[in-house]
Amino acid sequence: MSEAITDVTARELYDGRGQPTLEACVTMESGATGRAMVPSGASTGRHEAVEVRDGGTRLRGQGVRRAVAAVREILAPRLIGHSALLQADVDAILIAADNTPGHAQLGANSLLAVSLAVAHAAAAHRHVPLWRHFADLAGTLPRLPLPMINLFSGGRHAPGGADLQDYLIVPRGATNLEMAIEMAVNVRLAAADLLRTRKRSTLLADEGGFGPRLTRNSIGFLWSVEAIERAGLVAGADVSLALDVAASQLVRDGQYVLRRPPQTLSTEALTTLVESWVECYPLVSVEDPLDEDDWVGWAHLTARLGSRIQVVGDDLFTTHTGRLQQGVRVGAANAVLVKCNQVGTLSETIGFVQLAKQTGYRTIASARSGETEEHWLADLAVGLGVDQIKIGATRTAERTAKYNQLLRIADELPPNSYAGRLAIDRGPTANGHDGGDVRK
Ligand code: 2PG
Ligand code: MG
């Protein structure tokens, strides 16, 4: 059987933060090969699948030799002889080999590296681009997502900076992907000028954006708007703003503790603060505005803001269908972040995206703060036909690898394949809300 897997191996390599990560390699009877590396988060959700690291003193405990051994000794023998074209079967074998909640024994990093390497090999075997293979697996029409691009970072991604983790720009006015990325590049350059003028650091944060010290979190919004205008664009029309609060990282003893300025807030008070930002700035999307287990708070916030903006669950859902079902039940959020390594395998990720689409939640494929130079996430976003993609700034190779791949794919697809502003502006969202025109 030419599509049979004949070899599975793994090695320890390094990601863009210089941390060890895992690469798996798969060979098929036909001679086709595939390999994939996995990313890693910093502001990880409590309900994410488990990333297995070695512990001990070598590489400060971050080594992945145990995960490498899991691939070589446990996963490889179970997969050899199986068809690489049957991704769902492959993933079921991986999940059964681990057989613990959260893939805690072998690690979601081991499972995902192998799952993706199998997909890469299968695409090579079929002589189709990876995005096409993903689209065929999911039964989706390929689509180019609207990018959501990091400008300023804080929180865990830029310690010493703002409390809020990601200030992003959304080039809603662009009519094609090339124009969208060009706008983002120009805004980024303008932001660098703005920081230099104010004698602030232009050193890069984890996602390639800037991580300046800010005395108030609101300055991040003001400077984002200023950078858009300095780039000759209209804030709110050409380019809007998005935010990732990563609120679970701010919780101390049941309250949200902010430092810029110092504030200790209840759920209700943080919701009101987020609402004031929505009223003052051209914000169209807010991610993780509240703690990952505060379903009641999320439901209230979504009822209050969900008709005006996109409310995104990242740590809330951790790419798990069970948690999304809970969200649908209580009316929490109207969009989901999609991160493969939060759940573990390609098939689980596809299932999550399908459920999100069925339940009217918008979908955003997302990189991690610790990314690799690979571009499979761009292929996955296109193949699964998600609405938006969040892969950091237009800077540093592990980020531009994905933007560049999106641009390459754009050349292959018909011009009307770009999701554009409709991916965030309109259409029914979860909980019966109409997304409305969120233009400000
Ligand atoms: C997030 C991601 C990317 P991390 O919170 O959305 O910005 O961060 O990979 O650290 O979880
Ligand atoms: Mg997030």
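Two residues are said to be in contact when heavy atoms of theirs lie within 4.5 Å. In this predicted model, 33 residues of domain 1 are in contact with 30 residues of domain 2. The domain assignment of the protein places domain 1 at residues 5-127 and domain 2 at residues 146-425. Taken over C-alpha atoms, the centres of domain 1 and domain 2 are separated by 27 Å.

**Position of ligand 1**

Where does ligand 1 lie with respect to domain 1 and domain 2? Both domain 1 (5-127) and domain 2 (146-425) give residues to the shell around ligand 1, so the ligand lies between them. Ligand 1 sits in the largest cavity.

**The surrounding shell**

Ligand 1 is surrounded by 16 residues. The closest of these are Ala-42, His-157, Glu-207, Ser-369 and Lys-390. By class, the shell around ligand 1 consists of eight charged, five polar and three nonpolar residues.

**Polar contacts**

The table lists residues with an atom paired to an oxygen atom of ligand 1.

| Residue | Atom of the residue | Distance to an oxygen atom of ligand 1 |
|---|---|---|
| Ala-42 | backbone N or O atom | 2.7 Å |
| Glu-287 | polar side-chain atom | 3.0 Å |
| Lys-390 | polar side-chain atom | 2.7 Å |

Ala-42 thus takes part through a backbone N or O atom, whereas Glu-287 uses a polar side-chain atom, as does Lys-390. Taken alone, ligand 1 exposes 310 Å², and the protein buries 100% of that area.

In summary, ligand 1 sits in the largest cavity, and residues from domain 1 and domain 2 both belong to its shell.

Technical notes: Residues are numbered from 1 along each chain as its sequence is written. Chains are lettered from A and ligands numbered from 1 in the order in which they are written. This is a predicted model: local features need pLDDT of at least 70, side-chain atom pairs count only at pLDDT 80 or more; totals for chains, interfaces and linings use all residues. Side-chain values use heavy atoms; hydrogens and water are left out. A residue is near a molecule or strand if one of its heavy atoms lies within 4 Å of it. A polar contact is a pair of N or O atoms within 3.5 Å; within protein, one must be able to donate a hydrogen and the other to accept it, and residues adjacent in sequence count only if both atoms are side-chain atoms. Accessible areas come from the Shrake-Rupley method with a 1.4 Å probe; for residues, only the protein chains shown count as cover. On a 1 Å grid over the protein atoms alone, a cavity is a set of points where a 1.4 Å probe fits but cannot get out, and a pocket is an open set with protein on both sides within 12 Å along at least five of seven lines; lining residues have an atom within 4 Å of a point. A molecule sits in a cavity or pocket if more than half of its atoms lie within 2 Å of its grid points. Ala, Val, Leu, Ile, Met, Phe, Trp, Tyr, Cys and Pro count as nonpolar, Asp, Glu, Lys and Arg as charged, and the others, Gly among them, as polar. Domain bounds come from an automatic or database domain assignment.
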